[in-house]
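Have a look at the fold below before reading on. The notes walk through one sheet, what packs on it, and one residue close up.

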Amino acid sequence: MGMNTTDIGLIARVAHLSKRYGTGSGAVAALDDVSIGIRHGEFTAIMGPSGSGKSTLMHVMAGLDTASAGQVWLGDTEITAMGDSALTVLRRRRVGFVFQSFNLVPTLDVLGNILLPFELDGRRPSAKEREWVDHLVTSLGLLNRLSHRPHQLSGGQQQRVAIARALATRPDLVFADEPTGALDSRTGREVLALLATAARDYSQSIAMVTHDPIAASYADRILFLADGRVVDDRPRSSAEEISRIMLGMEAAL
Ligand SMILES: Nc1ncnc2c1ncn2[C@@H]1O[C@H](COP(=O)(O)OP(=O)(O)OP(=O)(O)O)[C@@H](O)[C@H]1O
C-alpha cells in the first residue's frame, strides 16, 4: 500500500476491482476481485472468451465506467476517487484510444484527426510535439495522405491514423479495443506490428483487448480473463500456445 504505482514499474494498476451490472437475481458480476498491474513500456494483451469481462476491465481502467468496488490507478493517480469532469481531462491528457471502428472524425482530414487530442485540450502542439507528430506521420506511412478524409482511406490506413492520434500526445497508456477486428488478416498483422514497435521503440505502454490469439501473440505479456477473474498471466507466447490456453479455459467453463 505504501508503494507508489510508478515506483514499481507499473503505469496502471487495479486492486480488488469488482464490477456488477444490475441488482438482485439479475445481477451480473462482470469483474470479480481483479488485481493486476500494467507494466510501463509493455504491450499487454487482455484475452478471454466472450463475456469474460475484457471490455468492462478496459472501460473501468480508462475511467469510462465506474467500479462497484476496488481501486484503479493511472500512474500514481487514483482514478476511482475522481469525478466525471476530472476524469474527462485525465483521459484527454494521459490516455490514448484505438478502437475496432477507428472512430475518426469524417469531416477532418488526416492531419486534423491526428492533431485532435491537442485541439480537444485547447492548445497547439509545442515545436517538440509537432516534431514527434511529423515523425509518427512519416513512420506510419501517412505523409502523402495528410489532406485526405477518412473515407478516402483504406481500413488499414484509417487504423494507422488512429494509432498516430493515440500516440500524438505521448499518453501514459494507450488502450486498444480489438484494433484489428475490422481489418483483413494481412493489414491486421501490420497494425499489430506497429503497436508492438511503439512499445519497443518509444516505451509506449499499451493495453489491448482481444479474443484473437494471433493478435495476442504480438504482445509482450498476456493476461487471461474468465468469468470476471484473472486466470493466467503469461509472457510473450505463440498464437498456438495462446489458443491452447483459451481452449483449456473454455473446456473448464
Ligand atoms: N451494460 C451492461 N449491462 C449489463 N450487463 C453487462 C453490461 N456490460 C457488460 N455486461 C455483462 O458483463 C459481462 C462481461 O462483459 P464484457 O463486455 O466485459 O465481456 P467481454 O469479455 O468484453 O466480451 P466480448 O469479447 O464478447 O466483447 C457479460 O456477462 C456481459 O453480459
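What follows is a short tour of a predicted model.

## The sheet

Let's start with the strands. Six of them make up an open sheet with mixed pairing, and their order is 6-7-8-3-9-10. Strand 6 (95–99) and strand 10 (229–235) sit at the edges, each pairing on one side only. Going from one strand to the next, the twist averages 20°.

At one of those edges, strand 6 runs parallel to strand 7 (residues 173–177), and five bridges link the pair. If you want to find that pairing on screen, pick F99: its bridge partner in strand 7 is D177.

## Helices on the sheet

Helix 1 (residues 54–61) packs on the sheet, where it touches strand 3 (43–47), strand 7, strand 8 (206–210) and strand 9 (221–226). The direction of helix 1 makes about 150° with that of strand 8.

Helix 9 (residues 239–252) packs on the sheet too, touching strand 3, strand 9 and strand 10. Its direction makes about 15° with that of strand 9.

## A closer look at E42

Now for a single residue. E42 lies in the loop between strand 2 (28–39) and strand 3. Is E42 buried or exposed? It counts as buried because 20 other C-beta atoms lie within 10 Å, and the cut-off for buried is 20 or more.

Which residues does E42 contact, once neighbours within four places in sequence are left aside? They are A199, S205, D220 and R221. Take A199: 157 residues separate it from E42 in sequence, yet their C-alpha atoms are 5.7 Å apart in space.

Conventions
Residues numbered from 1 in each chain as written. Predicted model: local features only at pLDDT ≥ 70, side-chain atom pairs only at ≥ 80, totals over all residues. Pairing = 2+ DSSP bridges. Helix = DSSP H or I, 4+ residues; strand = E, 2+ residues; numbered from the N terminus. Axes fitted to C-alpha atoms, helices over the stretch in contact; angles between N-to-C directions. Contact = placed C-beta atoms within 7 Å. Buried ≥ 20, exposed ≤ 12 C-beta atoms within 10 Å, placed from the backbone.
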